[in-house]
Amino acid sequence: MNTSLETHNMQALTDIRHFCFKYSGWLLIWLFCTIPAVGWVLSSQLIWELGQWTAVVSNIGKLFGIVGFMLFAINFVLSVRRRWLEKLFDGMNRVYIAHHLTGGIAVILLCFHPVFMAINYINFAMLSSLRIAANFLLPRSIPFDGSYADVSQAVALNSGIVALVLLVGLLILTFYVKLPYNVWLFSHRFLGLAFLFAALHVLFYDSTLRTTHWLLAYTILWTVAALFAFMYHSVFGDIWIRREPYQVNDVSLSGDVVNISLAPLRKRIAFEPGQFVFIRFLWDEDRDHIPHEMHPFSIASAPTDNALQIHVKALGDFTSTLKHLTTGTLAEVEGAFGGFVGSRYGNREQVWIAGGIGITPYLSMAHSFNEYSPRTTLIYSVKTRGELLDAKFLSEHLPTTNPQFSFVPFVADEQGGFLNMAFVSQATNGVENKEIFLCGPPAMMKSLRTQLKGLNVPGKHIHDEIFAIS
């Protein structure tokens, strides 16, 4: 009885810990954005200006600008790939989700900021006011023979316009132009320039922020943090970020999957089963047409193995070329990252659901499986039986040495359809009170997550690995 109660308490503490990890980062983002917004409201004459609708809209525009700039700064900090960020979001993949969402919301708010500000100049009794409002959105000539205040005001307004044009241009490139990954990555370095112009606009524009000393200091602090994060990751990353040297010692093909083994040249990296690393292959780019950027790859080997194993399916421009890798190719490995780690979720029974190449992190978990691991069922979905990776180990060796592990393949061509929760529930005797792990094609994971919610499985018991790269 005491043992059962102790196990229950330990599992409860594990659930609380993961809840805090999963949402603490978002709470901090909300807090960091609320502080300047509330400070600006309390420090300005907002209450006295609410009598006119144009003033209301203008003040909303100012709030959009403050919060948008803060999200812009936070977006840079979220890009640095540090483990302390993982602890705030429960995995690097969720850090990148936060990075994309904060960036998108920042762009939206910053685009609406000048439009709402211009509305303050509209007076429907005077048609000429529309022209004045439109002129507000255009660049100003800098009065070099005027006062310092006039010059700084013109520079601040023009800086804001330049920042907005750069942001919109990069947004168009991201969503509407199909660019090679290395070109897209290079274009995003201009985000640093856009942020610099945005900072000049915020810090030099004559507003409540400049006259409220603590608010100005807070904004300067985040400006410095964002610029440092940009320099650390995008400019001096090759110097400041620690990466371990590896060498390719074996390359083989399993259909359209490339199996790559890398041996450490100095010391092997430490990782937990289920995590991923960033790898850059250092080969002749002109000869092999492979860019030298870092790409994420899930680890398939166990932490105790000397070699680092990865399996890569040809899904895009970059991954399609990895079959040309040769033995002896040097590589740099950064990491490991990720919260998709089964051993972090206590002793509750687990269900691992893999689709296609999504088996990779489970292979690392499987090769680390032992008598202390919780009861686990791996359901591996593929189109044809020939696509099963490491099938003999999963179906014969591991269940024999560890009876608490079960392997259930799902071959779509033989089953006549897609994997669904009816099949999973039957194979696992129900999914209630179990930790469910999902890794595979996004459409599969979305469908299964929806079906799990339909079965009233709490979201805290559903874990997915949604990091994808091409």
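Q: Which residues are linked with Arg81 in a network of salt bridges?
A: This is a predicted model. One pair in it is glutamate 334 and arginine 243, whose side chains meet at 3.2 Å, N to O. Arg81 joins that pair in a network of salt bridges, so the partners are Arg243 and Glu334.

Q: How many residues apart in sequence are the parts that glutamate 334 and arginine 243 tie together?
A: The side chains of glutamate 334 and arginine 243 meet in a salt bridge. Glutamate 334 sits in strand 6 (residues 330–337). Arginine 243 sits in the loop between helix 12 (237–240) and strand 1 (244–254), so the pair ties together parts separated in sequence by 91 residues.

Q: Is arginine 243 buried or exposed?
A: The cut-off for buried is under 20% relative accessible area. Arginine 243 has 13%, so the residue is buried.

Q: Where does arginine 266 lie, the salt-bridge partner of glutamate 244?
A: The side chains of glutamate 244 and arginine 266 meet at 3.2 Å, N to O. Glutamate 244 lies in strand 1, and the pair ties together parts 22 residues apart in sequence. Arginine 266 is in the loop between strand 2 (257–264) and strand 3 (276–282).

Q: Is arginine 266 buried or exposed?
A: Its partner, glutamate 244, counts as buried at 6% relative accessibility. Over 50% counts as exposed. Arginine 266 has 57%, so arginine 266 is exposed.

Q: Which helix holds glutamate 414, the partner of arginine 385?
A: Arginine 385 forms a salt bridge with glutamate 414, with the closest N and O atoms 2.8 Å apart. Arginine 385 lies in the loop between strand 8 (376–382) and helix 15 (391–401). Glutamate 414 lies in residues 412–415, which is helix 16.

Q: At which residue does the kink in helix 5 lie?
A: Helix 5 covers residues 92–119 and reaches 41 Å from its first C-alpha to its last, close to the 40 Å expected. The kink is about 25 degrees. It comes shortly before proline 114, at histidine 113.

Q: How many disulfides does the count give?
A: A disulfide needs two cysteine sulfur atoms within 2.5 Å. Cysteine 33 is buried at 9% relative accessibility, and cysteine 111 is partly exposed at 25%. By the distance rule, the count of disulfides is 0.

Q: What share of the contacts with a separation of 6 or more comes from residues 24 or more positions apart?
A: The protein has 18 helices and 11 strands. Buried residues make up 47% of its 470 residues. Of the contacts in question, the share from residues 24 or more positions apart is 71%.

Key: Residues numbered from 1 in each chain as written. Predicted model: local features only at pLDDT ≥ 70, side-chain atom pairs only at ≥ 80, totals over all residues. Heavy atoms only, no water. Helix = DSSP H or I, 4+ residues; strand = E, 2+ residues; numbered from the N terminus. Expected span 1.5 Å × (residues − 1). Bend = angle between axes of the 7 residues up to and from the residue. Buried < 20%, exposed > 50% of the residue type's maximum accessible area, 1.4 Å probe, protein only. Contact = heavy atoms within 4.5 Å. Salt bridge = Lys/Arg side-chain N within 4 Å of Asp/Glu carboxyl O.
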